[in-house]
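Please open the model in your viewer, with the sequence panel alongside, and keep the selection tool at hand. The stops below go from the whole chain to single residues.

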Amino acid sequence: MKLLVVDIQKGITDERLYDFKLFITNTCQIIGTARKNAVEVIYIQHDDGPGTGFSFGDDDFEIADQVAPRKGEKIYIKNINSCFGNVELTKYLEDEKEDTLMIVGLQTNFCIDATVKSAFERGYKVIVPEGTNSTFDNEYMDKKMTYDYYNKMMWPKRFADCVSMEEAISILQK
């Protein structure tokens, strides 16, 4: 199993997110448990391109301090929603013969949804722990409704096992 920490970057990691404090608490707990149990933690950053303010070299692009990677943990940069848009990450996971991915991060309705579905289509078993992804209000749904739509309706029994924190911790400890 590998843990993918997706797009938890300074420019979008703040109180505007749905259930922000729970999101940070749960995500930090998952990362800590993965590290303690020798589950590789892999970070992914989204780059919107030069001049956007959300690109390599911009402060908002940097990984949020709360979930900062440790020395030696892999970091991949992508410029499309799915993490599998990064060829090096895709090849690394294939070379590792990985079959299970636990996915946490931002934003539920963009990069997390695209990554969950892309991983599923590539044959990975996908696990999404409760409260470890989040998003903002949008013009169609508020942030809670968006979170619930994906985590309680769209992904379960289709694309991912959406599990409680207790289950996720147990899975990481095996």
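Helices and strands are here DSSP runs, of at least four residues for a helix and at least two for a strand, numbered from the N terminus. With the whole chain of this predicted model shown as a cartoon, follow the elements from the N terminus, where they run β-α-β-β-α-β-α-β-β-α-β-α, giving five helices and seven strands.

**The whole chain**

Keep everything selected and turn the C-alpha trace along its principal axes, where it spans about 40 × 35 × 30 Å. The radius of gyration is 15 Å, which agrees with the value near 16 Å that a compact globule of 174 residues would have. If you switch to a surface, you are looking at about 8,600 Å² of exposed area, of which carbon and sulfur atoms supply 50%, while 52% of the 174 residues count as buried. Colouring by charge brings up 21 positive and 29 negative charges, whose mean positions are 5 Å apart.

**Helix H4 and its cover**

Next, select residues 143-154, which form helix H4, and show the side chains. Which residues of this helix are buried? They are Thr146, Tyr147, Asp148, Tyr150, Asn151 and Met154. Add helix H3 (108-121) and the strands S5 (125-129), S6 (133-134) and S7 (161-163) to the selection, since what covers the buried residues of H4 includes these elements. Then move to the N-terminal end of H4, where Asp142 acts as a cap, with a side-chain oxygen 3.2 Å from the backbone nitrogen of Lys144.

**Three places in the backbone**

Most residues other than glycine have a negative phi, and most peptide bonds are trans. The remaining stops are worth viewing with that in mind.

Select Leu106 and Gln107 first: the peptide bond from Leu106 to Gln107 is cis, with omega near -20°. Gln107 is found in the loop between strand S4 (100-106) and H3.

Then go to Asp19, in the loop between strand S1 (2-6) and helix H1 (20-36), where phi is positive at about 45° although the residue is not a glycine. Is Asp19 buried or partly exposed? With 38% relative accessibility, Asp19 counts as partly exposed, because that class covers values between the 20% limit for buried and the 50% limit for exposed.

Finally, select Lys97, which lies in the loop between helix H2 (87-95) and S4. Lys97 has a positive phi too, near 55°, and is likewise a residue other than glycine; its relative accessible area of 70% makes Lys97 exposed.

Methods:
Residues are numbered from 1 along each chain as its sequence is written. This is a predicted model: local features need pLDDT of at least 70, side-chain atom pairs count only at pLDDT 80 or more; totals for chains, interfaces and linings use all residues. Side-chain values use heavy atoms; hydrogens and water are left out. The radius of gyration is taken over C-alpha atoms; the globule rule is 2.2 Å times the number of residues to the power 0.38. Buried means under 20% relative accessible area, exposed over 50%, partly exposed in between (1.4 Å probe, protein chains only). Accessible areas come from the Shrake-Rupley method with a 1.4 Å probe; for residues, only the protein chains shown count as cover. Lys and Arg count as positive and Asp and Glu as negative; His and the chain ends are not counted. The place of a charge is taken as NZ of Lys, CZ of Arg, CG of Asp or CD of Glu. Contact means heavy atoms within 4.5 Å. A polar contact is a pair of N or O atoms within 3.5 Å; within protein, one must be able to donate a hydrogen and the other to accept it, and residues adjacent in sequence count only if both atoms are side-chain atoms.
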